[in-house]
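User: Please take a close look at a single part of this model and explain it in plain terms. After that, set it in the context of the chain.

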Amino acid sequence: MKFFSPLLSLLAFALLSCSDNRGEHVLTESQMVDVLYDYQMADVLAQQSHPEDPRQLLNYRQAVFYKHHISEEEFNHSLAHYSRHPQQMKAVYEGLAHHYNVQANTTSLASGGSTSTDTILVWGQKQYTLSSNLQNRFTLEQPFPRTKKPLESLRLSFLSSSFYHQGTPQLAAALSVIYDNDSVGTTAVTLPLYQSQQVLLHPLSTTRKPRSFRLSLYQMAGWDAAPQMVSLHHLRLQGIPRQTSTSTQP
């Protein structure tokens, strides 16, 4: 993480003198939420509009600072402060997650917000947040539900939004199925987070019965990295029934 030496003495003085434990010239939590949200949106727009021109990324970020009437130094100074105060940063992440959840709900409604009636819901969760300096891993293990129809495969799907001050937004996903003879089948992939819709498919055994499943989602960022956040929405693990062939008589 980059610290700006001209501001270190000011930050130390402010942290000692302010009763709310937030230094002077540090953005409030609500201000940080708004700035970080626009910052992430600016990064996405720059990558989509000018993927081969890194100068445009800087222009988009400067437009965010101009919109919120702050300088880049104030933004980095505030980011450094919140990174050293996990509870305050957690409140900022929760505010960002709310923004992303509204966006995800809008996206889901725009796309119809429905899934195939042929699929069977194995597990679901509305939202989960991963962050480099708080909690960068999600793990789950549950018994496999009983189904009337044999399943051909599992389909994990979710919407993602991310804020990365540095680094490439990526998520390592692994889905394992433990069968009745203790054998294990696993599908592991690395998912780039530049697109919001994420899907992972895992084929199931045709001869063994699933006993349980294990899901792991890991944000690919170290604990000492600059602030990085991934917000996951509408997580669904669905079973796709096996297709039965029907023959017709001439």
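Analyst: **One helix and its setting**

Helix α3 is followed by His69, whose phi is positive, near 60°. Helices (H or I, at least four residues) and strands (E, at least two) are DSSP runs, numbered from the N terminus.

The model is predicted, so local features need pLDDT of at least 70 and side-chain atom pairs count only at pLDDT 80 or more, while totals for chains, interfaces and linings use all residues. Residues are numbered from 1 along each chain as its sequence is written, and side-chain values use heavy atoms, with hydrogens and water left out.

Helix α3 covers residues 54-67, which is 14 residues. At 1.5 Å a residue, α3 should span 20 Å, and its end C-alpha atoms are 21 Å apart, which agrees. The expected span is 1.5 Å times one less than the number of residues.

Which residues of α3 are buried? They are Arg61, Val64 and Phe65; buried means under 20% relative accessible area, exposed over 50%, and partly exposed in between (1.4 Å probe, protein chains only). Arg61, Val64 and Phe65 cover an arc of only 100° around the axis, which puts them on the same side of α3. The arc is that of the directions from the helix axis to the C-beta atoms. An α-helix has 3.6 residues a turn, so residues three or four places apart point the same way. On the other side of α3, Arg55, Tyr66 and Lys67 are exposed.

Now the chain as a whole. Its secondary structure comes to 5 helices and 8 strands, in the pattern α-α-α-α-α-β-β-β-β-β-β-β-β along the sequence. Of its 250 residues, 40% count as buried.

Among the strands, 4 form an open sheet in the order β2-β7-β4-β5, with antiparallel pairing. Two strands pair if DSSP finds at least two bridges between them. Strands β2 (137-143) and β5 (184-192) stand at the edges with a single partner strand each, so one side of each has no neighbour in the sheet. Strand β4 (residues 170-179) is joined to β5 by 9 bridges, and Gln170 stands opposite Pro192 in β5.

Gln219 lies in strand β7 (residues 210-219). Gln219 is buried, with a relative accessible area of 0%. Not counting residues up to four places away in sequence, Gln219 touches several residues, including Tyr164, Gln170 and Met229, where contact means heavy atoms within 4.5 Å.
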